[in-house]
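Reader: Before I set anything up on this model, I would like a close look at one strand and its partners, and then at any backbone angles that deserve a second check. Could you take me through them carefully?

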Amino acid sequence: MEMVLDPSRDDLPLMANTNHILVKHYELDLDVDFESHVIEGAIVIFLEPGSRCKNLNGVDGESGQSESSESGKVPVTNLGPFSSEMRSQDFADCDKSEKDTSDRSSNHNSKEQTYGISSSKNYCDPGDHGSEDFLLILDCCDLSVLKVEEVDAAAVPGTERFTGSTKLTNVPEELRNQIVRELVTLPADHWREQLYYYACCSQAPGCGELLFTSTTWSLQIRKMGVKTAINFPHVIRIWYKTKPEGRSVTWTTDQSGRPCVYTMGSPINNRALFPCQEPPVAMSTWQATVRAAASFVVLMSGENSAKPTQLQEGRLSWNYYVTMPMPASTFTIAVGSWREVKLEPCSSNELSAVTSFSSSKSDSRCASWVCGHMEYPCHFQNPGAASQAIIPYRVFAPECLQHCCEENLLQLIPQCLSAAHSTLGTHPFSRLDVLIVPANFASLGMASPHIIFLSQSVLPGGSHLCGTRLCHEIAHAWFGLAIGAQDWTEEWLSEGFATHLEDIFWTEAQKLSRDEAREQQELKALLRWRRLRDEVQKSAEEMQVLRPNRDETGQVSESGASVVKYGLKPEKIFMQVHYLKGYFLLRFLASRLGEETYFSFLRKFVHRFHGQLILSQDFLHMLLEDTSEEKRLGLSVEDIFQNWLDASGIPKPLQGETRTWAESRLVRQVKDEVRKWIRANLRARKRRRREKEELLEKLLPDQLVLLLESLLEEKTLCPRILQSLEKTYHLREQDAEVRHRWCELVIKHKYTKAYEDIERFLLEDQAMGVYLYGELMVSENAELQQLAHKCFEMTKEHMDRSSAKVVAEMLF
């Protein structure tokens, strides 16, 4: 029975009917216009209906995973002659012919086209021969769709080879669909040929317009008289353009004042960038040609380090592709005047260290593993990849931040990549770009296939925050990208793993001894416990549950439609509960089973489930089945659900652990420093003659965070002590985590001499500044409240939309 979709204000609808038909490949052909703040062009979608859609992994159950009205005629560039010799070339030499974009754009009508289709319920099951036409439903929002047409794949020279396995038909529609059916199922070792024909088909002429209508959250397409998904056109072209206010696309300026645009998969993912199937189960490949003015660099989720092609009109064309099927939400693009940050010329010894290949015991069995995912050119099956500790990487940033990246970020990347490899083995992806995004980016980082976005806030103050965040995003290559959540409500499967692994990678990258690593990790655990405690006290109980759908997690309607609970709640993106409770669960499991046992299992799990989507029980069942009864100590999946995933608040097994962390050396050292400052503050308040100053210890960044958080618990600190604090620890030069706590102290004690530090933080560290606006407003101090309004006025035009909404609610 079809689920009735009536999403509340806080739930994100996933409308695509993925149980009836699946997108297998996207071909994007787009122009970026910075004057109008619009991306426009066409997307060609290759579809596969029928029985293969029933199995989410594209295998036969062997993995053991649950399987769940005006329109202009737009000219299409001639394909021209395609020889058999050209078809056999490496795909890098087979890029699409460039289109005359000025002619094409002039034929677009600016009016959004709409055809009358009664509702999203007018679809038929693939086997249903009822009276209604079949509907292809795509997730779509904030787009102007201009035209939808069927594409004549049979017009592409060479595609006749895809009709050899069946009897030729005289029905054109059947012939075209047969070609696409064969094309999307080519073996993995034919990926170059497959991408070549995808590109060729995307340029083929249209053979009939299709009816469509746009709703708030979907694009619905049908062909008159077609009743089933099997007979629906298997390749269609959608002409469209984005809207400047589209929620998937951020138009802004970089730190050097130059225009740029980037996409961030939150909160509505990519549906305002292109019509797509958003549910995670709709894993597809993609290829994109993006044109922009010659002064811009186009970065994208892609396996290749694209080299631009010069166009006649002084524009550059960039082409990227991905052969590993991924959810459409993982696609990312960033266009700006980015500068590549490169290492200074180094000696041969230094060069060999950067590009070295190291052996990994964890991957010695790699060749014997059989992948459980759908067929694609898997990096885990590449013999050379197993020993490649450092994959090729590039760093891009606005011109004014190049020097900061040279000083810190460049040297950290190989250390962090190597640490990740030594922990988990083969890197899931073959290369990596790292981009420092504009100041309005609402997070410290984001990982997409082959590309990581980092906030500028991670750059100042030494290597600690930059290194830990880089490790977090690198961890997402395994958990979040190579292994995804089948249900988006289980965010802990991505963020909890990345948070736990961030500590493991970072201590390995620093080459710490076992004792030093344990001490740093215990300090971090205490800080995170304090954060979780505060969040549990201040947030709604239903927002603290890691599996809000509980036993219904992973279930969808008959068509595949569903909703993501609280997916549109603005404050949700600032909550850390899925990071923190997920982290503490994994830390608990590693402690109970022993770290060696746990990480040995984790490498097995990666090999078993890479390229697939999972639910919590897939991880937990395999973990407990792989662990001896002696080490399990009575653990069960049901208990873990009850204590950790299905309940609000702080998990019971966690409540007694803080005593251990509180007694660690680094924490005791901070407690001693706190007592010294409290004594100094007492003397200053009583106006005693200055006694002999106590010797203060040099503290690590995380120790400084704990010190400042502890001093925040003091009712009063006098200005002289605050001044001494800043001078002693050089707080204005520390990383953003430390400076955030310093700003909290300044606000609490109304330390006017440091108000400029608050203003600087709110302007330059927007990824972390939202909470400070609340502190400024509850201070009940007119000057501080005026400062909050001033900073919001200065940033709101470019501020992330969700951040701006939350801040506005605090201020007005």
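Author: What follows begins with one strand and its pairing, and then turns to two residues in loops.

The model is predicted, and the strand to begin with is E16, which covers residues 333-336. Ile333 and Val335 point one way from this strand, whereas Ala334 and Gly336 point the other way, and all of these residues are buried.

Strand E16 pairs with strand E13, residues 297-300, in the antiparallel sense and over 4 bridges; here Val297 stands opposite Gly336. Strand E11, residues 259-263, also pairs with E16 in the antiparallel sense, in this case over 2 bridges, and the bridge partner of Val261 in E16 is Val335. Val335 and Gly336, which point opposite ways from the strand, thus appear in the pairing as the residues facing Val261 and Val297.

As for the backbone angles, most residues other than glycine have a negative phi. His450, although it is not a glycine, has a positive phi of about 75°, and this residue lies in the loop between strand E20 (445-448) and strand E21 (451-454). His450 counts as buried because its relative accessibility is 4%, which is under the 20% cut-off.

Tyr566 likewise has a positive phi, near 65°, in a residue other than glycine, and its place is the loop between strand E23 (562-564) and helix H10 (577-593). With a relative accessible area of 16%, Tyr566 is buried.

Note on methods
Residues numbered from 1 in each chain as written. Predicted model: local features only at pLDDT ≥ 70, side-chain atom pairs only at ≥ 80, totals over all residues. Heavy atoms only, no water. Buried < 20%, exposed > 50% of the residue type's maximum accessible area, 1.4 Å probe, protein only. Pairing = 2+ DSSP bridges.
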